[in-house]
Amino acid sequence: MIVRIMGEGQVRLGDSHFAELNKLDDELLEEMESGDEEGFRRTLGTLLDAVRRLGTPLPDDALEPSELILPSPDASLDEVREMLGDDGLIPG
């Protein structure tokens, strides 16, 4: 799957990594619902770091369609809330 982190670029991420990412996504959703800004910041950073660590960066000149778009590390709670689907940021 091709994943884009807004403002950074794209990575190719194997399906086998989505269990770990979904766990972080669930934590992020809980923190957002409770208004825990500090927890939200920490978990968003951990989620994006995991995508960077587990994924293979695509070249800057590659223009692959992104199947998943994640917010930038400095996105606000409200900006991330607007990106949420029924399952959070990551479907599944």
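The following questions and answers explain how labels are given to parts of this predicted model.

User: What should I know about the numbering and the model before we start?
Analyst: Residues are numbered from 1 along each chain as its sequence is written. This is a predicted model, where local features need pLDDT of at least 70, side-chain atom pairs count only at pLDDT 80 or more, and totals for chains, interfaces and linings use all residues; side-chain values use heavy atoms, with hydrogens and water left out.

User: What is the average confidence of the protein chain, and where is confidence lowest and highest?
Analyst: pLDDT is the predictor's confidence in each residue, from 0 to 100. The protein chain averages 90. At least 70 is the score of 98% of the residues. Helix 3 (residues 77-83) is lowest, with a mean of 87. Strand 3 (residues 56-57) is highest, at 96. Helices (H or I, at least four residues) and strands (E, at least two) are DSSP runs, numbered from the N terminus.

User: Why is leucine 48 called buried?
Analyst: Buried means under 20% relative accessible area, exposed means over 50%, and partly exposed is in between (1.4 Å probe, protein chains only). Leucine 48 has 0% relative accessibility, so the label is buried. This leucine 48 is found in helix 2. Its C-alpha is 8.3 Å from that of serine 72, and the two are 24 residues apart in sequence.

User: What makes leucine 29 partly exposed?
Analyst: Its relative accessibility is 21%, so leucine 29 counts as partly exposed. Leucine 29 sits in helix 1. Between the C-alpha atoms of leucine 29 and glycine 14 there are 23 Å, with their positions 15 residues apart along the chain.

User: Why is glutamate 30 called exposed?
Analyst: Glutamate 30 reaches 55% relative accessibility, so the label is exposed. It belongs to helix 1 (residues 18-34).

User: Which residues gather with Glu30 in a patch of negative charge?
Analyst: Asp26, Glu27, Glu33 and Asp87 join Glu30 in this surface patch. Patches are made of residues with over 30% relative accessible area and no salt bridge; like charges are joined within 9 Å, and nonpolar side chains (Val, Leu, Ile, Met, Phe, Trp, Tyr) within 5 Å. Asp and Glu count as negative, Lys and Arg as positive, and His and the chain ends are not counted.

User: How do you know that arginine 41 and glutamate 37 form a salt bridge?
Analyst: A salt bridge is a side-chain nitrogen of Lys or Arg within 4 Å of a carboxyl oxygen of Asp or Glu. For arginine 41 and glutamate 37, the closest N and O atoms are 3.5 Å apart, so the pair forms a salt bridge. Both lie in helix 2 (residues 37-54), four residues apart, about one turn of the helix. Arginine 41 has a relative accessible area of 31%, so it is partly exposed. Glutamate 37 has 37%, so it is partly exposed too.

User: What makes arginine 52 and aspartate 49 a salt bridge?
Analyst: Their N to O distance is 2.6 Å, so the side chains meet in a salt bridge. They are three residues apart in helix 2, so about one helical turn separates them. Arginine 52 is partly exposed at 31%, and aspartate 49 is partly exposed at 45%.

User: How many salt bridges does a search of the whole structure find?
Analyst: The search finds five. One of them joins aspartate 78 and arginine 81, at 3.1 Å from N to O. Salt bridges that share partners also join Glu8, Asp49 and Arg52 into one network.

Methods: Accessible areas come from the Shrake-Rupley method with a 1.4 Å probe; for residues, only the protein chains shown count as cover. The place of a charge is taken as NZ of Lys, CZ of Arg, CG of Asp or CD of Glu.
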